[in-house]
Amino acid sequence: MQTMDSFNFADRKAFVRVDFNVPLDENFSITDDTRIRAAVPTLKKILKDGGCAVIGSHLGRPKGFADRFSLRHILPRVSELLGVDVLFAGDCVGEEAGTMAAALRPGEVLLLENLRFHAEEEGKPRLEAGAGEEETNRAKKALKESQKEFTAKLASYADVYVNDAFGTAHRAHASTALIAEFFDTEHRLFGYLLQNEIVAVEKVMNETERPFTAIMGGSKVSSKIEIIKNLLDRVDNLILAGGMTYTFAKAFGGKIGGSIVEDDKLDLARELVALAAEKGVNLVLASDAKIADSFSNDAATGFASVNEIPDGWEGLDIGPESEKAFAEVIKKSRTILWNGPVGVFEFDNFDRGSRAVSDAIVDATGKGAFSLVGGGDSVACVNKFGQAGEVSYVSTGGGALLEMIEGKVLPGIKAIRGY
Ligand code: AMP
């Protein structure tokens with residue numbers, strides 16, 4: 001299989017699927033350009049070799065053409081970061097895009113308009129609410145046909161396909177997966193970003209140095225069930241914290257006051273505890289909490305056992321005993337995966353627990369452990385604490401990363417390497 005480093009892009013035209021789905025403010029200014037910067041190494045390598053690039057991306061969730069989702073808004077920033085005047089086609093398919101792509105010379109870059117302006121990109125019919133089953137089926141069938149044409153058109157712009165969009169690698173869309181079939185195995189490859197993400201996740205999940213500790217936080221257990229189950233087959237230690245703490249505490253008879261809880265997941269919590277014991281996994285739950293009398297940074301606070309939280313109070317962070325227990329386990333680990341804060345880290349008065357976890361991960365990393373931090377909120381945590389540069393890898397993927405940890409094969413990855 002070709003890689004970015006093995007492939008020579010000289011005189012080649014590459015279709016590069018990137019994730020330029022950046023946040024824009026009301027004046028269409030980019031508020032965080034991380035995703036654009038993440039694709040720069042791949043695009044620069046293509047240009048440096050003497051190739052040219054046709055860039056495809058989505059922005060937001062448009063339901064058709066809409067100016068506020070236009071990639072034209074980000075064109076100046078892309079040009080600035082690449083150091084070339086990037087050309088722009090006002091529709092990703094159609095005559096203009098075809099002509100511009102055909103005329104592209106080495107060193108030039110063409111940015112296509114938002115791929116999702118066409119329903120064919122996602123392959124989901126855009127029907128009025130209340131459409132009947134028959135109409136829906138007819139629309140699906142028609143879209144399947146037009147999606148083939150749409151994909152073939154995108155593929156016709158280039159002689160090599162590069163996927164560098166980890167954020168959408170879990171979607172079987174036209175430009176993220178289906179397009180790969182138009183290129184033989186020597187002419188489809190991962191961009192640097194996607195490659196790095198795959199290497200980091202596989203290092204954690206498949207080439208694990210032990211002990212392996214996963215720290216799962218966040219608000220709910222329900223959104224992490226599949227991940228927790230898959231991790232139970234792999235980890236030595238599983239630290240479960242954040243809002244899900246209280247579902248576990250309540251499941252075993254604890255008094256949790258007004259803490260966040262999923263009452264319909266008490267059986268599941270008991271089942272997960274039993275499963276961990278059966279698999280010999282050291283399950284570490286928070287024993288104490290920093291409690292608050294309201295969900296606010298300025299609330300009155302105190303500390304309590306997670307099983308003895310008074311009415312009118314709720315747990316918003318872990319307490320000192322849990323901090324110590326978590327840090328001890330983390331510091332002895334050789335592989336670490338962190339997904340989800342252990343408290344409401346957005347409030348400065350409740351970020352101490354997440355800070356303690358982050359500190360312990362940095363400490364272990366300094367002693368040679370491999371640490372992967374991923375999933376929106378934990379990335380925001382290490383950024384808040386200024387520690388993103390002190391862990392081994394910070395993943396850019398939200399849903400894509402979580403699906404990989406769940407053990408799923410991602411369509412965007414399979415389309416290129418076959419598994
Ligand atoms: P998730 O999207 O499920 O990963 O949840 C992330 C959110 O969980 C963050 O915004 C945290 O503020 C929140 N969170 C963490 N711990 C708690 C807690 N004890 N109570 C309520 N929310 C929490």
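**Two pockets in a predicted model**

Let's start with the lining of the largest pocket: 10 nonpolar residues, 17 polar and 10 charged. Keep in mind that this is a predicted model.

How much space lies in the largest pocket? About 990 Å³. In total, 37 residues line the largest pocket. Closest to its centre are Asp19, Arg35, Thr396, Gly397 and Gly398.

Now, where does the largest pocket lie? Domain 1 spans 13-195, and domain 2 spans 208-405. Both domains give residues to the lining, so the largest pocket lies between them.

Next, the helices and strands. Four elements each supply at least two residues of this lining. The helices are α1 (34-49), α6 (192-205) and α12 (376-384). The strand is β17 (393-394). Which element gives the most? That is α1, with 5 residues.

On to the second largest pocket. Its volume is about 510 Å³. Its lining has 31 residues. Nearest the centre you find Gly218, Ser219, Lys220, Gly243 and Pro341. Three elements give two or more residues to this lining: α8 (245-251), β14 (314-318) and α12. Here β14 provides the largest share, 5 residues.

What about the residue classes of this second lining? They divide into 11 nonpolar, 14 polar and 6 charged.

One thing to look for on the structure: α12. Helix α12 supplies at least two residues to the lining of the largest pocket, and it gives two or more to the lining of the second largest pocket. Find α12 at 376-384, then trace each lining from there.

Definitions and conventions: Residues are numbered from 1 along each chain as its sequence is written. This is a predicted model: local features need pLDDT of at least 70, side-chain atom pairs count only at pLDDT 80 or more; totals for chains, interfaces and linings use all residues. Side-chain values use heavy atoms; hydrogens and water are left out. On a 1 Å grid over the protein atoms alone, a cavity is a set of points where a 1.4 Å probe fits but cannot get out, and a pocket is an open set with protein on both sides within 12 Å along at least five of seven lines; lining residues have an atom within 4 Å of a point. Grid points are joined across faces, edges and corners, and a volume is the space filled by probe spheres set on the points. Ala, Val, Leu, Ile, Met, Phe, Trp, Tyr, Cys and Pro count as nonpolar, Asp, Glu, Lys and Arg as charged, and the others, Gly among them, as polar. Domain bounds come from an automatic or database domain assignment.
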